[in-house]
Amino acid sequence: MNAEPHMNGYDVAALRRDFPILSRKVHGKPLVYLDNAASAQKPKPVLDAIGSFVTSEYANVHRGVHFLSGAATERYEDARRRVQRFLNAAHEDEIIFTKGGTEAINLVAASYLAPRIEPGDEIVLSVMEHHSNIVPWHFLRERQGAVLKWVDVSDRGELDPADIARAITAKTRLVAISHMSNVLGTKTDLRQIVRLAHAKGVPVLADGCQGAVHGTVDVKDLDVDFYAMTGHKLYGPTGIGALYAKRAHLKTMRPYQGGGEMIREVTRANVTYADAPMRFEAGTPPIVQTVGLAAALDYLDAVGREKIAAHEMTLARSAARKLKELNGVRIIGEAEEKGPIISFEAIGIHAHDLATILDREGVAVRGGHHCAQPLMDRFNVAGTARASFALYNTMEEVDALIAALGEARRVFG
Ligand SMILES: Cc1ncc(COP(=O)(O)O)c(C=O)c1O
């Protein structure tokens, strides 16, 4: 499994040794982990950073004057600066820690958009959004009379920025769009979408839960207003994500949750709030997870984000080509610009059955609607199987996927 030649100095065999879980077996077969779009495995530097922090530096943050609290606060704020660097944000106080991508988007819905929505106001989104970038807007529809305006994708799964621009009216309050689809792999032209939306005075939220994983992100260059990301898909721990929001927006946003650490002063009669980012981080934050996330971002940059993306796309292109050579397999999502996420259906086999049989061969893929039911509807499928590639996958694993598919087709005749 590790015998792959090095591509451009990219030593996948060495990288795999950083991920202890990859050497385990599943159902007696070597694990072929291709469910990375759901969550990625964690390298030793992340596990070690968490272990050593909890073992020798742990305390609550921003509260104590004692040594450990100071040290933990420093690690926590270092992690914020690490995320700032990762996204190339202008200011560290533009990074709000959340428990994941979902919470980051909900924060924008509750703190930024809800106070601005009058009945009939519009939110523009695409049919390929994850439920995390749909349901918070449905809340505003149900509770405040917002109107969701859906922008379609082409049969290849491409999103035309001009269609977004055409959907914007004088009533549009936000464009909410994914940077990369978690089903189709489509990479949106975020820069152009932002340019067109801003020309009409409309801010843009990007769901970067997948987009941040494959390649570099520069929120300053994109000029995006809000960017949501999640740690567990970036080889970091669960329970940690971040929202990037422009400072100018944060200054206008009301607090999301109330509690400790987000206040300036509380009296019996009144409360005043801290500035961002603390204003949006009520309660004890996920301290340990931020340390793990910072280590994961260090790891990604040490390997090289562009190199990783190139490696992943080599695998994904090969997998797509080999899948197409199989009779009765249809790939859903063939955008020109896409990441290493491949959805497919094997005609006559339910996506769950397919995933179950592949699992018996040791191949972990996801089967189902992938939290994107409007997209399933668009492509007229109940679900798809999805293989998604990470920095540690190999060409041999692509072949293992194809071989396991052959087995599934044999079983289902
Ligand atoms: C595109 C996209 N958006 C949002 C999410 C939600 O992220 P989280 O589960 O970390 O809240 C996911 C993860 O499944 C995703 O793929």
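This section describes the ligand site, the salt bridges, two buried polar residues, a surface patch and some backbone features of a predicted model.

The ligand is surrounded by Gly101, Thr102, His130, Ser132, Asn182, Asp207, Cys209, Gln210, Thr230, His232 and Lys233. Among these residues, Thr102 places a polar side-chain atom 2.5 Å from an oxygen atom of the ligand. For His130, a polar side-chain atom is found 3.1 Å from a ligand oxygen atom. Gly101 takes part through its backbone, with an N or O atom at 3.3 Å from an oxygen atom of the ligand. The ligand taken alone exposes 390 Å², and 85% of that area is buried by the protein.

The model contains 26 salt bridges. One of them joins the side chains of Lys246 and Asp225, with an N to O distance of 3.8 Å. Lys246 belongs to the loop between β10 (241-245) and α9 (247-250), and Asp225 to the loop between α8 (219-222) and β9 (226-230), so this pair ties together parts that lie 21 residues apart in sequence. Lys246 and Asp225 are both buried.

A salt bridge also links Arg330 to Glu345, and the closest N and O atoms of this pair are 3.0 Å apart. Here the partners come from two strands, Arg330 from β13 (residues 329-332) and Glu345 from β14 (residues 341-346), so the contact ties together parts 15 residues apart in sequence. Arg330 has a relative accessibility of 33% and therefore counts as partly exposed.

Within a helix, Arg321 forms a salt bridge with Glu325, at 4.0 Å between the closest N and O atoms. The two residues are separated by about one helical turn because they stand 4 residues apart in helix α11 (residues 305-325). Arg321 is partly exposed, at 48% relative accessibility, whereas Glu325 is exposed, with a relative accessible area of 59%. The cut-off between these two classes is 50%. In addition, salt bridges link Arg82, Asp298, Asp301 and Arg305 in a network.

Two residues with polar side chains, Ser69 and Thr384, were examined for their surroundings. Ser69 is part of helix α3 (residues 67-87). Its relative accessibility is 1%, so Ser69 counts as buried. The Ser69 side chain reaches the backbone nitrogen of Gly64 at a distance of 3.0 Å. When residues up to four places away in sequence are not counted, Ser69 touches Ala59, Asn60, Val61, His62, Arg63 and Gly64. Gly64 is thus listed among the residues touched by Ser69 and also provides the backbone nitrogen reached by the Ser69 side chain.

Thr384 is located in strand β17 (residues 384-388). With 1% relative accessibility, Thr384 counts as buried. A polar contact of 3.1 Å connects the side chain of Thr384 to the side chain of Ser343. Apart from neighbours within four places in sequence, the residues in contact with Thr384 are Val183, Ile332, Ser343, Phe344, Ala351, Arg366, Gly367, Gly368, His370 and Met376.

On the surface, a nonpolar patch is formed by Val266, Val271 and Tyr273, which together have about 230 Å² of accessible area. Val266 is placed in strand β11 (residues 263-266). This residue counts as exposed because its relative accessibility is 53%.

Several backbone features were also noted. The peptide bond between Ala276 and Pro277 is cis, with omega at about 5°. Pro277 sits in the loop between β12 (271-273) and α10 (287-303). Positive phi values occur at Glu261, at about 75°, and at Cys371, at about 55°; Glu261 is not a glycine, and neither is Cys371. Glu261 occupies the loop between α9 and β11. Cys371 is found in the loop between β16 (366-368) and α13 (373-378). The relative accessible area of Cys371 is 24%, so this residue is partly exposed.

Key. Residues numbered from 1 in each chain as written. Predicted model: local features only at pLDDT ≥ 70, side-chain atom pairs only at ≥ 80, totals over all residues. Heavy atoms only, no water. Patch = residues over 30% accessible without salt bridge, like charges linked within 9 Å, V, L, I, M, F, W, Y side chains within 5 Å. Areas by Shrake-Rupley, 256 points an atom, 1.4 Å probe, with all protein chains shown as cover. Buried < 20%, exposed > 50% of the residue type's maximum accessible area, 1.4 Å probe, protein only. Near = heavy atom within 4 Å. Polar contact = N/O pair within 3.5 Å; in protein donor to acceptor, adjacent residues only side chain to side chain. Contact = heavy atoms within 4.5 Å.
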